[in-house]
Amino acid sequence: MSVALILLWSLGCFASLGLWVHRRTKLDLLSTLLICFPLVLVGFLWVSFGFVWLLGYAWGLTMLVLFCTAIAAGVWRIPARYKLPHFHSTSWSKTSLGSWAITSVVAGTLAFRHVLSGPLRDSSISSSWGDLPLHLSIASFFARQEVPHLELPIFAGEPLRYPFLFDWLSSLLLRGGFSYRASMLLPWLVCMIVLLGLLTMIAQRQGSRWSGVWAPLLLIGGGAASAAYWITQLSGWKETLATQDVTWIGSEGIAWMGTLTGYLIPQRHFPLGLACLCLVGMLAISKRKEAPLWAAVITALLPLVHVHAFLAAGLLCLVAALTTWREHLLKRPIWQLVFLAVLVVAALLQIKYQSGGESRGFFATLPHGWIRDEIELTVPAWKRLTLNLSGLILLVVLCWRKSWQPIALTASLLLVIGWFFRTQPYSWDNSKHFLTVLVLVAPYAAARISSSHWSLRVAVLVLCIVPGFASWYTDMHAQQNPLIYDSEQRLVEQVRGKIPATSRILTAGDHNHPAAVFGGYVMHAGYTGWLYSYGLPYGERYYTLCGAVKGEVAPLQQIADNGVQYLWWGGREKHACGNVLNTAYWRPVAGSDVVYQRR
């Protein structure tokens, strides 16, 4: 059975499960699909990877089909006394559906422009061009293996600790015959549409029909004041927008990137993690007795999907346990408390695996506040705070209502964490916490905005929505640059089949090297920016390439110790090492112009 048919069958099982939830909860069908999709997709990723990892593709995918069939059929026999979380049906308005559709189109156009290509500009919108190669490398790596193993494709011998489950889905699409672009774009686009739909749905539940209009616009906008600042500083702002990204101007202290091009597209697993965070948020303000259990299940599944979404969801559960759930949490049956403890342990074990059992220099404090290291040091902290986070802080303040207490408290804590504590080596990564804050508060702030004075709506429009659409305008005027040229992709196709799929290859340390991105091979040492971000000791390997191609003893011994038998000798390597290759130590692989094997 082909992978494509298996995915279609799994989709049919999802439809059956969604219909069961629709009948059991009396939810409207659209709300049912939005709520069920993130849960089922995360469960599918865990189960499918588990089967294939243990049994290989042939038996693993067969067991997956049987499992999905059993689940889809078995849920109909669950007694009615086992209740699901209760949510009221949504009265969908045409205006909310229109806002959802418009923001989905904006997201789709930007994503299509950035998958396998990017703008020729050093700004936030180029970051999606920079990060996507890592995700495609992981997807290609899984797709080329017969029995997947967890090895980081950009650092030979290092376990794959990066959240990989969403890239696993793209690898299944690659094996099913989808193109590289389609395999990367389709899962992201579906999850992004679901995320925008969830924000619209939650906002409508909390307020009026206009609440659903504001919520997705807040996410696309980004919550920064940088666009308003930039427009007021310069004349001819239309021409300026076409040449300068308004969400990253380091000399002025502006560094809160556009949410789509700076975070959601390059961090392509973010939409799924944030959709799950939205569900945990709905449960956190619910006083129904089954809410803590469901919230804990969702949170425990998140670490290998997206860590920042997990951290936000975990903090939200903790805050809810001390507020909304406090009265009835300890009154639950003992087996439920034990199950909650098991979920907590499972989540912590995942985090321990991802951290490698050590801190690797993370959790350092930022005494001068966020982005101190990333922009001009002359920009005072008050100016950085005002320009970047004034709109976001306004949204958090709007959420301070008793019934939304867990949301407001969690968002406030995440703002403090993001400003003062560096959770990864690059302080830029702290701004991912701000994105989780934006998603948490957007639907609830939208409910307040829609019923507030017109002056507040204007302020929110300028501070929280204009920046993202200005960045979109800038991006649509940017010249495109291919991620990897067609000639390099043809070289990869030429090499495939000539060397084992599990081979480790010595290459130049480029972030978009074709051997990893399209070939799925493991690089001896990839892009140093990523390796530094993961806290990996790449220093010894940094200068290995040129020494090894010249036949120096120490570099050759180092690559031998790391199981590297092949050399990619393309234009990047020749440029780095002066086109000097000692053929006494390297022989060409038959049928290939760029791959050599150690003699």
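This report describes the predicted model of one protein chain, moving from its overall make-up to its cores, its helix packing and a few individual residues.

## Overall make-up

The protein chain contains 26 helices and nine strands, and of its 599 residues 58% are buried. When contacts between residues at least 6 apart in sequence are considered, 76% of them join residues that are at least 24 apart.

## Nonpolar cores

The largest nonpolar core comprises 166 residues, and within it Met-192 and Leu-219 are the residues with the most contacts. Helix α2 supplies the largest share of this core, with 16 residues. Apart from this core lies another one, made of 14 residues, which include Leu-545, Ala-548, Trp-569 and Tyr-596.

If residues up to four places away in sequence are not counted, Met-192 touches Ala-107, Leu-219, Ile-220, Leu-260, Leu-264 and Pro-271. Leu-219 thus appears both among these partners of Met-192 and beside Met-192 as a residue with the most contacts inside the largest core.

## Packing of α3 and α19

Helix α3 packs with helix α19, which spans residues 454-476, at an angle of about 40 degrees, and the axes of the two helices are 11 Å apart. Angles under 35 degrees would count as roughly parallel and those from 65 to 115 as roughly perpendicular, so α3 and α19 are oblique to each other. The crossing in which α3 passes α19 is left-handed.

On the α3 side the contact is made by Val-106, Thr-109, Leu-110, Arg-113 and His-114, while α19 contributes Phe-469, Trp-472, Asp-475 and Met-476.

## The covered helix α12

Helix α12, formed by residues 291-300, is mostly covered, since eight of its 10 residues are buried. These buried positions are Ala-291, Pro-292, Leu-293, Ala-295, Ala-296, Ile-298, Thr-299 and Ala-300. They pack against α2, α11 (270-284), α13 (307-322), α14 (326-329) and α15 (334-355); α2 is also the helix from which the largest share of the largest nonpolar core comes.

## Residues in loops

Ser-93 sits in the loop between α2 (29-74) and α3 (94-114). With a relative accessible area of 10%, Ser-93 falls under the 20% limit and is therefore buried. The side chain of Ser-93 makes a polar contact of 3.1 Å with the side chain of Thr-95, and a further polar contact, also given as 3.1 Å, with the side chain of Gln-204. Once neighbours within four places in sequence are left aside, the residues in contact with Ser-93 are Gln-204 and Arg-209.

Trp-256 belongs to the loop between α9 (237-241) and α10 (259-264), and its relative accessible area of 0% is under the 20% limit, so Trp-256 is buried as well. Leaving out neighbours within four places in sequence, Trp-256 is in contact with Gly-222, Gly-223, Ala-224, Thr-247, Tyr-263, Trp-370, Asn-388, Ser-431, Phe-434 and Leu-435. One of these partners, Phe-434, is 178 residues from Trp-256 in sequence, yet the C-alpha atoms of the two residues are 8.9 Å apart in space.

Asn-579 is placed in the loop between α26 (571-577) and β8 (586-588). The phi angle of Asn-579 is near 55 degrees, which is a positive value in a residue other than glycine.

Notes
Residues are numbered from 1 along each chain as its sequence is written. This is a predicted model: local features need pLDDT of at least 70, side-chain atom pairs count only at pLDDT 80 or more; totals for chains, interfaces and linings use all residues. Side-chain values use heavy atoms; hydrogens and water are left out. Helices (H or I, at least four residues) and strands (E, at least two) are DSSP runs, numbered from the N terminus. Buried means under 20% relative accessible area, exposed over 50%, partly exposed in between (1.4 Å probe, protein chains only). A polar contact is a pair of N or O atoms within 3.5 Å; within protein, one must be able to donate a hydrogen and the other to accept it, and residues adjacent in sequence count only if both atoms are side-chain atoms. Contact means heavy atoms within 4.5 Å. A nonpolar core is a set of buried Ala, Val, Leu, Ile, Met, Phe, Trp, Tyr and Cys residues joined through side-chain atoms within 4.5 Å. Axes are lines fitted to C-alpha atoms, for helices over the stretch in contact, and angles run from 0 to 180 degrees between N-to-C directions. Angles under 35 degrees count as roughly parallel, over 145 as roughly antiparallel, 65 to 115 as roughly perpendicular and the rest as oblique. A crossing is left-handed if the near helix is turned anticlockwise from the far one by less than a right angle, and right-handed if clockwise.
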